[in-house]
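Student: I have a structure to look at. Can we go through the terms one by one?
Tutor: Yes. Take a look, then ask.

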Amino acid sequence: MKKDKILVIGACGQIGTELTAALGLQYGIENVIAADIQTHPAGVKNYICLDALDHQQIERVVRECDVTQIYLLAAMLSANGEKDINAAWRLNVQSLMSVLQIARDQKLDKVFWPSSIAVFGPGSAKYNCRQHARSEPITVYGISKKAGEHFCNYYFENFGVDVRSLRFPGLISYTAPPGGGATDYAVDIYHQALEKEQYTGFLEDDCCLPMMYMPDAIRATLELMNAPKEKIAIRTSYNIAGMSFAPCDIAAAIRKHIPSFKMSTVPDFRQAIAQSWPASIDDQQAHNDWGWKPAFDLRRMTEDMLMNLSRQKGVEFEMAANIEPVIDFYPHEH
Ligand code: NAD
């Protein structure tokens with residue numbers, strides 16, 4: 001049997017940093033190639049500098065290194081995408097087209113490519129937005145993700161490429177910084193709370209969005225990719241949910257530990273993007289097909305973020321004991 005050899009493109013980003021490490025644990029570090037357009041970051045093993053838009057270079061790496069799976073993470077995110085719509089479309093769609101073609105021609109075992117809740121738009125259901133809900137995105141990012149989802153399905157249906165995908169909500173983590181999306185505030189707020197005990201956000205206080213803590217996102221990716229092929233009924237992209245909250249909710253969760261924390265808001269262009277997305281996601285199909293269940297809610301994530309970031313920053317921080325569980329205002333059925 002061919003040995004698994006994994007290529008992660010976009011390995012230095014918010015997801016890539018943690019996913020590459022997790023794949024290293026599963027397959028052995030020597031079998032995971034981290035690739036990104038950035039120059040070699042210190043301490044990253046098995047690294048190559050690669051442009052996701054260079055079809056021939058990807059093909060050469062796949063052939064020379066006997067790659068069996070590609071995880072394509074290089075993309076321009078929602079807020080940055082609105083600043084350069086041509087570059088966003090080119091990177092987000094052309095890189096995927098290359099990877100799908102190479103997967104077909106080189107007979108790769110599997111491909112992972114993340115989509116986003118940005119495929120939904122103002123016409124989609126606001127609460128518990130379903131797998132097959134109407135999706136009319138209004139950002140170039142959402143449009144590129146929607147096109148990408150259909151290309152994934154096309155390559156599966158017509159060429160048998162085993163490509164799998166998740167519609168990630170906004171992701172929160174304490175390792176690599178977020179890459180320019182409309183949900184980035186939910187990372188920055190923890191940094192500012194520890195450093196300055198105050199934060200000025202760019203979304204309205206009550207702008208509720210679907211979010212997920214990075215350990216859940218990494219586990220979802222591995223569970224999807226390890227699931228038997230016949231369990232994968234959705235070949236566009238799966239809805240997955242973690243939690244849903246608004247800036248006022250996360251501020252309240254932080255205040256349980258840092259009572260003096262203050263938040264103010266100066267909404268900018270990202271408010272309109274965020275407002276076009278659902279507030280909560282129905283992920284029943286992912287639950288039924290391959291057993292998806294999130295582990296982190298807002299309270300647990302807040303404790304973990306504050307503990308880890310305070311250690312990283314060398315900031316003194318004492319976690320409040322016996323705090324009441326945060327009420328989940330937007331429950332998901334499981
Ligand atoms: P990120 O911006 O943090 O990382 C992207 C990485 O791709 C960066 O390291 C960047 O250097 C690299 N890159 C950019 N252009 C490249 C190129 N031409 N060739 C090679 N590498 C290139 O993004 P992320 O948050 O890690 O997101 C990864 C994927 O997950 C994207 O497809 C994104 O749309 C999707 N996603 C992310 C979130 C989130 O909240 N982070 C939510 C939904 C979906």
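Student: What makes the pair of alanine 52 and a nitrogen atom of the ligand a polar contact?
Tutor: Keep in mind that this is a predicted model. The ligand nitrogen is 2.7 Å from a polar backbone atom of alanine 52. A polar contact needs N or O atoms within 3.5 Å, so this pair counts.

Student: Which polar side-chain atom lies 2.6 Å from an oxygen atom of the ligand?
Tutor: One of tyrosine 141. The limit is 3.5 Å, so that is a polar contact too. Leucine 171 uses a backbone N or O atom, 3.0 Å from a ligand oxygen.

Student: How much of the ligand does the protein cover?
Tutor: On its own, the ligand has 830 Å² of accessible area, and the protein covers 90% of that. The space taken by the ligand is the largest pocket.

Student: Which elements give two or more residues to the shell around the ligand?
Tutor: Helix H1 (14-27), strand E6 (115-116), helix H5 (140-159) and strand E9 (170-172). The shell residues divide into 15 nonpolar, eight polar and three charged.

Student: Why is the pair of arginine 130 and aspartate 282 called a salt bridge?
Tutor: Their side chains meet at 3.6 Å, N to O. The cut-off is 4 Å, so the pair qualifies. The structure holds eleven salt bridges.

Student: What does this pair tie together?
Tutor: Arginine 130 lies in the loop between E6 and H5, and aspartate 282 in the loop between H9 and H10, so parts 152 residues apart in sequence are tied together.

Conventions. Residues are numbered from 1 along each chain as its sequence is written. This is a predicted model: local features need pLDDT of at least 70, side-chain atom pairs count only at pLDDT 80 or more; totals for chains, interfaces and linings use all residues. Side-chain values use heavy atoms; hydrogens and water are left out. A polar contact is a pair of N or O atoms within 3.5 Å; within protein, one must be able to donate a hydrogen and the other to accept it, and residues adjacent in sequence count only if both atoms are side-chain atoms. Accessible areas come from the Shrake-Rupley method with a 1.4 Å probe; for residues, only the protein chains shown count as cover. On a 1 Å grid over the protein atoms alone, a cavity is a set of points where a 1.4 Å probe fits but cannot get out, and a pocket is an open set with protein on both sides within 12 Å along at least five of seven lines; lining residues have an atom within 4 Å of a point. A molecule sits in a cavity or pocket if more than half of its atoms lie within 2 Å of its grid points. Helices (H or I, at least four residues) and strands (E, at least two) are DSSP runs, numbered from the N terminus. Ala, Val, Leu, Ile, Met, Phe, Trp, Tyr, Cys and Pro count as nonpolar, Asp, Glu, Lys and Arg as charged, and the others, Gly among them, as polar.
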